[in-house]
Amino acid sequence: QVQLVEAGGGLVQPGESLNLSCAASGNIASMPIMGWYRQPPGKQRVLVALFYSGNQTTYADSVMGRFTITRDIAKNTVDLQMSRLKPDDTAVYYCYTVLRLTTSSPIETYWGQGIQVTVSS
């Protein structure tokens, strides 16, 4: 069993930056995929960014060029650096990991409890 704990959320004004961190009870370096999803108020949970064990990354079009996902092996965290934040970035952000997967789909996944990010003036 893996526990994921998000930290770093809060209230910021448009145009500002914020960094999120996801700490895992397991060894992040051994996890094939880690990432971030978000769920805006009244909307479905959607992908934000993924970090693959081979150091590849994937970003949603809505955050491309503004958000960066990184893995910090020393701290055993996966982080999300967010810049030029917009009101539409307001959401609950969830850390996510895939421990096992087939060639086509994940078969063992875990989620954090979520952390609020609010972008408002």
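A residue is called buried here when its relative accessible area is under 20%. By that cut-off Tyr96, at 9% relative accessibility, counts as buried, and this residue makes a good entry point to the aromatic side chains of the structure. The coordinates come from a predicted model, and the description below should be read with that in mind.

Four residues, Tyr37, Tyr94, Tyr96 and Trp111, are joined by ring pairs into a cluster. In total, the structure holds 4 aromatic pairs. In one of them, Tyr94 and Trp111 meet edge-to-face, with 6.5 Å from centre to centre and 85° between the planes. Tyr94 belongs to strand β9 (residues 91–101) and Trp111 to strand β10 (residues 106–111), so this pair ties together parts that are 17 residues apart in sequence. The two partners can also be described by their accessibility: Tyr94 is buried, at 12%, whereas Trp111 is partly exposed, with a relative accessible area of 35%. Trp111 also pairs with Tyr96, in a tilted arrangement with 4.6 Å between the centres and 50° between the planes. Here again a residue of strand β9, Tyr96, is matched with one of strand β10, so parts that are 15 residues apart in sequence are tied together.

A charged group joins this aromatic group as well. The charged end of Arg45 sits over the ring of Tyr94, at 3.6 Å from the ring centre. The charged end of Arg45 also sits over the ring of Trp111, in this case 4.6 Å from the centre. Tyr94 and Trp111 are thus paired with each other edge-to-face, and Arg45 is placed over the ring of Tyr94 and over that of Trp111.

Attention turns next to the charged side chains. A search of the whole structure finds 3 salt bridges. Arg38, Arg66 and Asp89 are linked in a network of such bridges. Within this network, the side chains of Arg38 and Asp89 meet with an N to O distance of 2.9 Å. Arg38 is part of strand β4 (residues 33–39), while Asp89 is found in the loop between β8 (77–82) and β9, so the contact ties together parts that are 51 residues apart in sequence. Asp89 also forms a salt bridge with Arg66, where the closest N and O atoms are 2.8 Å apart. Arg66 lies in the loop between β6 (57–59) and β7 (67–72), so this second bridge connects the loop holding Asp89 to a part of the chain 23 residues away in sequence. Each member of the network has a low enough accessible area to count as buried: Arg38 at 7%, Arg66 at 10% and Asp89 at 1%. A further salt bridge joins the side chains of Arg100 and Glu108, at 2.7 Å from N to O. In this bridge Arg100 is partly exposed, with a relative accessible area of 48%.

The nonpolar interior completes the picture. In soluble globular proteins, nonpolar side chains tend to be buried together. In this model the largest nonpolar core has 30 residues, and Trp36, Leu80, Met82 and Tyr93 are those with the most contacts inside it. The elements that give two or more residues to this core are β3 (18–24), β4, β5, β7, β8, β9 and β11 (115–119). Strand β3 provides the largest share, 4 residues. The surroundings of Leu80 show how such contacts look around a single side chain: leaving aside neighbours within four places in sequence, Leu80 is in contact with Leu18, Asn19, Leu20, Trp36, Val48, Ala49, Phe67, Thr68, Ile69 and Tyr93. Apart from the largest core lies another, of 5 residues, among them Ile33, Tyr37, Leu50 and Tyr96. Tyr37 and Tyr96 also appear in the aromatic cluster described above.

Ala49, one of the residues touched by Leu80, deserves a closer look. Ala49 lies in strand β5 (residues 46–52) and is buried, with a relative accessible area of 0%. Not counting residues up to four places away in sequence, Ala49 touches Met34, Gly35, Trp36, Thr58, Tyr59, Ile69 and Leu80. The C-alpha atoms of Ala49 and Val63, which are 14 residues apart along the chain, are separated by 8.4 Å.

Definitions and conventions: Residues numbered from 1 in each chain as written. Predicted model: local features only at pLDDT ≥ 70, side-chain atom pairs only at ≥ 80, totals over all residues. Heavy atoms only, no water. Phe/Tyr/Trp six-rings, centres within 6.5 Å; stacked < 30°, edge-to-face > 60°. Buried < 20%, exposed > 50% of the residue type's maximum accessible area, 1.4 Å probe, protein only. Lys NZ or Arg CZ within 6 Å of the ring centre and 35° of its normal. Contact = heavy atoms within 4.5 Å. Salt bridge = Lys/Arg side-chain N within 4 Å of Asp/Glu carboxyl O. Core = buried A, V, L, I, M, F, W, Y, C linked by side-chain atoms within 4.5 Å.
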